[in-house]
Amino acid sequence: IKERVKRAGGNVTGDFRASLSWFNYDDLDLHLFEPNGTKICFYSKHSPVTGGQLDVDMNAGGGNTRSAVENIVYPTRTRMREGLYTLSVTNYNKRESIDVGFEVELEFDGTTYTFAYAKMLATAKSVNVCRFKYTHAKGLEIVDSLPATQASREMWGIPTQTFHKVQV
């Protein structure tokens, strides 16, 4: 997902990143509710208080890719507010009934969490991906979420989630 976001022009180098990925022409939207009630989403792309920003918003207005992503990034954690955040996905416009579902990648301080939702999401319906608590002292703590995935994938020609014998 991170590579797809980079190709779409999104920032993947911030202290916090939440990226949404899906594979049909639906217009899915990533929403992040901050502790103070501010919402970062397609109609409010920037939080002036925290610096959080939605910098990639695909398939809005008309589905033009089956390899869509959205991305919310905080360039620096120092501006993030302490408290409870809620990350959700809303289907703004359901256009297809094939290749349904989505995957969300959350990255903070070198740790990546991946969450998957394999069901169809109707127009105007939302799914809470996760709620997390952020503090400057302890960082990010997942409070509740969709099931986290540990699926094996191939990266650089090597399957993940398995041990590989190497010689040094």
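Eight aromatic pairs are counted in this predicted model. A pair of aromatic rings is described by the distance of the centres and the angle of the planes. One of the pairs is formed by phenylalanine 16 and tyrosine 74, whose rings meet edge-to-face, with 5.5 Å from centre to centre and 70° between the planes. The angle explains the label, because planes over 60 degrees apart count as edge-to-face. This pair connects distant parts of the chain: phenylalanine 16 belongs to strand S1 and tyrosine 74 to strand S5, and the two are 58 residues apart. Phenylalanine 16 has a relative accessibility of 0% and therefore counts as buried. Tyrosine 74 also counts as buried, because its relative accessibility is 0%.

A stacked arrangement is found for phenylalanine 102 and tyrosine 117, with 5.3 Å between the centres and 20° between the planes. Here the label follows because planes under 30 degrees apart count as stacked. Phenylalanine 102 lies in strand S7 and tyrosine 117 in strand S8, so that the pair links distant parts of the chain, 15 residues apart. Both phenylalanine 102 and tyrosine 117 are buried. Beyond single pairs, one aromatic cluster is made up of Phe16, Tyr74, Tyr85 and Phe132.

In soluble globular proteins, nonpolar side chains tend to be buried together. The largest nonpolar core of the model has 30 residues, and the members that touch the most others are Phe16, Leu32, Leu87, Val89, Phe102, Leu106 and Val129. Two or more residues of this core come from each of the strands S1 (16-22), S2 (27-33), S5 (68-74), S6 (83-93), S7 (102-108), S8 (111-117) and S9 (126-135). Strand S9 gives the most, with five residues. A second core, separate from the largest, has five residues, among them Val5, Val12, Val56 and Val69.

The surroundings of phenylalanine 16 illustrate how a core residue meets other parts of the chain. When neighbours within four places in sequence are left aside, phenylalanine 16 is in contact with Leu32, Ile72, Val73, Tyr74, Met80, Leu106, Glu107, Phe108, Phe132 and Leu140. Two of the residues in this list, Leu32 and Leu106, are also named among the core members that touch the most others.

The pairing of the strands was examined next. Strands S2 and S6 run antiparallel and are joined by seven bridges. In this pairing, aspartate 27 stands opposite asparagine 93 of S6. Strand S6 is also joined to S9, again in an antiparallel manner, by eight bridges. Leucine 87 has cysteine 130 of S9 as its bridge partner. Strand S9 in turn runs antiparallel to strand S10 (residues 139-145), with six bridges between them. Threonine 135 stands opposite glycine 139 of S10. Strands S9 and S10 form a hairpin, in which three residues lie between the two strands.

Threonine 86 offers a closer view of strand S6, in which it lies. Threonine 86 counts as buried because its relative accessibility is 17%, and the limit for a buried residue is under 20%. Apart from residues up to four places away in sequence, threonine 86 touches His31, Leu32, Phe33, Asn128, Cys130 and Arg131. Among these contacts, Leu32 is one of the core members that touch the most others, and Cys130 is the bridge partner of leucine 87.

Key:
Residues numbered from 1 in each chain as written. Predicted model: local features only at pLDDT ≥ 70, side-chain atom pairs only at ≥ 80, totals over all residues. Heavy atoms only, no water. Core = buried A, V, L, I, M, F, W, Y, C linked by side-chain atoms within 4.5 Å. Buried < 20%, exposed > 50% of the residue type's maximum accessible area, 1.4 Å probe, protein only. Helix = DSSP H or I, 4+ residues; strand = E, 2+ residues; numbered from the N terminus. Contact = heavy atoms within 4.5 Å. Phe/Tyr/Trp six-rings, centres within 6.5 Å; stacked < 30°, edge-to-face > 60°. Pairing = 2+ DSSP bridges.
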